[in-house]
Amino acid sequence: MRRPFKAAAPTKDGPRSNRDIRVPRVQLIDVDGSNRGDVSINDALLAAEEAGLDLVEISPNATPPVVKILDLGKLKYANQKKAAEARKNQKVIEIKEIKMRPNIDSHDYETKMKAVRRFFEEGDKVKLTLRFRGREMAHMELGMQLLNKVREETATIAKVEAEPKLEGRQMMMVLAPRS
């Protein structure tokens, strides 16, 4: 007879509370934040029940563990808000790519450099890609000169993260904004 798949028991996230706390003695902090000292778990649960709140484990690794009488729902809500605020404030650094040719015209070069500066102001990294076609492969030094020119122009606002390197018919260099 084949037995049905038994899923693992669901794991609770967040601090242990009320009857999940399974230690004989705890350090109790009551509703107004005063320390009641080392009490038995049953006394702590009774005190939380009288206050109409939950007994929440604050510091499980202490001896004895520290528990506090508070509203578990409010605690979880506050933690969610804090996590959402942290996510909102974090900046995801993107890598923007600028493609050039080794014999780029001066106006086109200036336009590309304006875009590069704008990307650095936004806090993004820039990957410069030079594509060589046909006989341009015989003049790699032109590509190297162009990338060195870009490096010199952006030296005050950016640092080289990846030195220029040749991969097939492309030469690449990665620049990151100075923080």
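This is a guided tour of a predicted model, taken one selection at a time.

**The N-terminal annotated region**

Begin by selecting residues 18-86, the range that UniProt, in an unreviewed entry, lists as "domain: Translation initiation factor 3 N-terminal". Over this range the chain is 38% helix and 32% strand, and the C-alpha atoms at its two ends are 29 Å apart.

Next, show the strands of this part as a cartoon, where you will find an open sheet of four strands with mixed pairing, arranged in the order β2-β1-β4-β3. At its edges are β2 (35-40) and β3 (54-59), each of which pairs on one side only. If you look along the sheet, neighbouring strands are turned by 35° against each other on average, with direction ignored.

Now select β3 together with β4 (residues 66-70), a pair that runs in the antiparallel sense and is joined over five bridges. One place to zoom in is Ser59, whose bridge partner in β4 is Val66. Then add helix α1 (residues 41-51), which packs on the sheet and touches β1 (25-29), β2, β3 and β4, while its direction makes about 125° with that of β2.

**The C-terminal annotated region**

Move on to residues 93-177, which carry the UniProt annotation "domain: Translation initiation factor 3 C-terminal", again from an unreviewed entry. Here the chain is 35% helix and 36% strand, and the end C-alpha atoms are 10 Å apart.

The strands to display in this part form an open sheet of four, in the order β5-β6-β8-β7, and the pairing is mixed. Its edge strands are β5 (95-100) and β7 (158-167), each pairing on one side only. The average turn between neighbouring strands of this sheet is 20°, direction ignored.

Two pairings are worth selecting in turn. Strands β5 and β6 pair in the parallel sense over six bridges, and within that pairing Lys96 stands opposite Val126 in β6. Strand β6 (residues 125-131) is also joined by six bridges to β8 (residues 170-177), but these two strands run antiparallel; there, Leu130 stands opposite Met171 in β8.

With the sheet still on screen, add the helices. Helix α3 (residues 106-121) lies across β5, β6, β7 and β8, running at about 175° to β5, and together β5, α3 and β6 make a right-handed β-α-β unit. Helix α4 (residues 140-153) likewise lies across β5, β6, β7 and β8, and runs at about 5° to β8.

**The nonpolar cores**

Finally, turn on the side chains. The largest nonpolar core has 20 residues, and those with the most contacts inside it are Ile98, Met100, Val126, Leu128, Leu130, Val150 and Leu175. Colouring by element shows where the core comes from: β5, α3, β6, α4 and β8 are the elements that give two or more residues to it, and the largest share, six residues, comes from α3.

Which residues does Ile98 touch, leaving aside those up to four places away in sequence? Centre the view on Ile98 and you will find Lys112, Ala115, Val116, Phe119, Val126, Lys127, Leu128 and Thr129 in contact with it.

Apart from that largest core lies another, of 12 residues, which you can locate by selecting some of its members, among them Val26, Val39, Ala44 and Leu55.

Note on methods:
Residues are numbered from 1 along each chain as its sequence is written. This is a predicted model: local features need pLDDT of at least 70, side-chain atom pairs count only at pLDDT 80 or more; totals for chains, interfaces and linings use all residues. Side-chain values use heavy atoms; hydrogens and water are left out. Two strands pair if DSSP finds at least two bridges between them. Axes are lines fitted to C-alpha atoms, for helices over the stretch in contact, and angles run from 0 to 180 degrees between N-to-C directions. Contact means heavy atoms within 4.5 Å. UniProt positions are given in the numbering used here, feature names are shortened, and annotations may be inferred rather than shown by experiment. A nonpolar core is a set of buried Ala, Val, Leu, Ile, Met, Phe, Trp, Tyr and Cys residues joined through side-chain atoms within 4.5 Å. Buried means under 20% relative accessible area, exposed over 50%, partly exposed in between (1.4 Å probe, protein chains only). A crossover is right-handed if, with the strands pointing away from the viewer, the path from the first strand over the helix to the second runs clockwise.
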